[in-house]
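Subject: The structure I promised you

Hi,

Here is the structure I said I would send over. Have a look around it first, and then read on for what turned up.

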Amino acid sequence: MGAQDTICALASGPPPSAIAIIRISGPAVAEVGKRFLASGLPEPKRASLTYIYDASGELIDQGIALHARAPHSYTGEDTLELYLHGGPAVIDHALRALTSVSGIRLAEPGEFTRRAFENGKLDLTEAEGVADIIEAETTAQKSQALRQLGGGLTEIYDTWREELTGALALIEVMIDFPDEGDVPEDTVRPILERLAKVIAEIETGLGDRGVGERIRDGFRIAIVGPPNAGKSSILNRLARREAAIVTDIAGTTRDIVEVRIILGGQVVWIADTAGLRETEDVVEAEGVRRARRAAAEADLRIHVIDGAAPSPPPGPIEAQDIVIFNKADARPAILPPDGALPVSAVTGEGIDTLESWIAGFVSQRAASVEAPVITRARHREKLAAGLASLVSAREALAQDIGAELAAEDVRMALRQLSSVIGKVDVEDVLGAVFSKFCIGK
Ligand SMILES: Nc1nc2c(ncn2[C@@H]2O[C@H](COP(=O)(O)OP(=O)(O)OP(=O)(O)O)[C@@H](O)[C@H]2O)c(=O)[nH]1
Ligand SMILES: [K+]
Ligand SMILES: [Mg+2]
């Protein structure tokens, strides 16, 4: 897929729609204007109403053409957008006509944005912001994507890179003038200060409890408790559908059943899990193992006490966790413990309160980090690796012979940070990032 190809795609939603936008980018745009548009290629950035014909002179549609000249376009190449009537026959005719021209083909997913990246219009985190804003379902996701698209992460990484480049230059001075006796403290101190600043900021970024990733991908909540406590019944209440099987047989749920809902303005994944108990049954035991893992990985646990047969919770309860006392409709065997929310999955009692507790938790957690530095696992991995290199550079500097090692570590850290924004050897990363886009973006 050479950059000399001209690409085209439907950029608007699936037909039928009021308007279909067909996007074309690449060197053949001028030819398309000449061959297909009755009034020729319009002036850049001036909308022009025109008839659009195919190569055999058959009318495709009447529509608006909008042209942008390289490099003043989204992709950085010559582009043309056609606003047509959004019917399947129109779209099909237009795309067939365009791709019949040699050098014009249909775009791969994300290829327009990939070209924008390759032409320096966007860095990688900004390109990810483009993908995220299209996927955004909540206002929180949208704001986060907009911040990223606007260079919010780029700015942070650029500051770190600048700081580290400065540190590296100072270390190289130490290496170049090695035989002046002991390295004076004045030489090392500014280097250590720079490293310490970046290390502290990356540590803060990594210690955000995954808020940026959760806003983007959803918060994780696990419903846990003994068999037959009513966990699946609670899940079904929250999901407002029969997502999980409910029976009076203890050990009904084995696999994790996950439901995605929006609460407190956040995407929330609620996982129903197998009842926790010792069991000889291999399948159930595997379910229990998965339940424990889901509980450990969740941002919040909902511990379900069986009001009809209470027993102490089998798993650890963390400060933020919610404890509910289910089957409040049945004559409870004991009073609900302090702080436990009486609920009935059968009558629906207490479910509203449970939802507002969950909403309160996720909106508070989301607001606990003002501007997350990490919004994807990809960022987290690179940052963690970069941090390790910087810590090792700091240790090396503490030793007399360590300047060479420290320089290598700082260079390594720079590479890790640069790859987040796509400034170094990123071919593998690019494939992974852009293939997840929709076609036409
Ligand atoms: N009276 C009453 N019964 C309930 C309530 N919630 C659940 N039950 C009943 O309790 C039994 C177990 O419910 P489930 O939702 O399958 O319980 P579970 O915790 O998912 O069970 P396992 O998956 O086997 O661990 C079923 O017969 C439900 O109808 C409730 O609030 N009140
Ligand atoms: K059950
Ligand atoms: Mg169940």
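Let's begin with helix α11, which covers residues 351-367: its 17 residues reach 24 Å from the first C-alpha to the last, close to the 24 Å expected at 1.5 Å a residue. Before going further, please keep in mind that this is a predicted model.

**One helix, two sides**

Which residues of α11 are buried? They are Ile358, Phe361, Val362, Arg365 and Ala366. Looking down the axis of α11, you'll find these buried residues within an arc of 125°, so they line one face of the helix. If that pattern seems odd, remember that an α-helix has 3.6 residues a turn, so residues three or four places apart point the same way. On the other side of α11, you'll see that Asp352, Ser356, Gln364 and Ala367 are exposed.

And what do the buried residues of α11 pack against? Their partners are two helices, α5 (139-149) and α8 (211-217), along with the strands β7 (219-224), β8 (257-263), β9 (266-272) and β10 (300-306).

**Around ligand 1**

Next, zoom in on ligand 1. It is surrounded by 23 residues, and the closest are Gly230, Ser232, Ser233, Thr253 and Gly275. Sorted by class, this shell has 11 polar, 8 nonpolar and 4 charged residues. Helix α9 (residues 231-239) gives the largest share of the shell, with 3 residues.

**The annotated positions**

Two of those closest residues also come up in a UniProt record. The unreviewed entry puts a "binding site" feature at Ser232 and Thr253. These two span 22 residues in sequence, yet their C-alpha atoms are no more than 7.6 Å apart, so they gather at one spot.

Take serine 232 to begin with. You'll find serine 232 in helix α9, and it counts as buried because it has 25 C-beta neighbours inside 10 Å, where 20 or more is the cut-off. Leaving out neighbours within four places in sequence, serine 232 is in contact with Ala244, Ile245, Val246, Thr252, Thr253 and Asp272. So the two annotated residues, Ser232 and Thr253, are in contact with each other.

Threonine 253 sits in the loop between α9 and β8. Threonine 253 is buried too, with 22 other C-beta atoms within 10 Å. Again not counting residues up to four places away in sequence, threonine 253 touches Lys231, Ser232, Ala244, Asp272, Thr273, Ala274, Gly275 and Gly287.

The "binding site" annotation from the unreviewed UniProt entry also covers Asn228, Thr247, Ile249 and Thr252. Although spread over 25 residues of sequence, these four cluster in space, with a largest C-alpha distance of 8.2 Å.

Two of the four are worth a look for how open they are. Is threonine 247 buried or exposed? With 10 other C-beta atoms within 10 Å, threonine 247 is exposed; you'll find it in the loop between α9 and β8. Threonine 252 also lies in the loop between α9 and β8, but it counts as partly exposed, with 18 other C-beta atoms within 10 Å. Setting aside residues up to four places away in sequence, threonine 252 touches Ser232, Ile245, Val246 and Thr247.

**A few backbone oddities**

Now for some details of the backbone that are easy to scroll past. A cis peptide bond joins proline 15 and proline 16, with omega at about -5°. Proline 16 is in the loop between β1 (6-10) and β2 (17-25). The peptide bond from alanine 70 to proline 71 is cis as well, with omega near 0°, and proline 71 has its place in the loop between β4 (59-68) and β5 (79-86).

Which residue in the loop between α1 (29-36) and β3 (48-53) should you check? Try lysine 45: its phi is positive, about 60°, although it is not a glycine. Lysine 45 counts as exposed, with 11 C-beta neighbours inside 10 Å.

Arginine 240 has a positive phi too, near 60°, and it is likewise a residue other than glycine. You'll meet arginine 240 in the loop between α9 and β8, where it counts as exposed with 10 C-beta neighbours inside 10 Å.

Have fun exploring!

Definitions and conventions: Residues numbered from 1 in each chain as written. Chains lettered and ligands numbered in written order. Predicted model: local features only at pLDDT ≥ 70, side-chain atom pairs only at ≥ 80, totals over all residues. Helix = DSSP H or I, 4+ residues; strand = E, 2+ residues; numbered from the N terminus. Expected span 1.5 Å × (residues − 1). Buried ≥ 20, exposed ≤ 12 C-beta atoms within 10 Å, placed from the backbone. Arc of directions from axis to C-beta. Contact = placed C-beta atoms within 7 Å. Near = placed C-beta within 6 Å. Nonpolar A, V, L, I, M, F, W, Y, C, P; charged D, E, K, R; others polar. UniProt positions renumbered as here; feature names shortened; annotations may be inferred.
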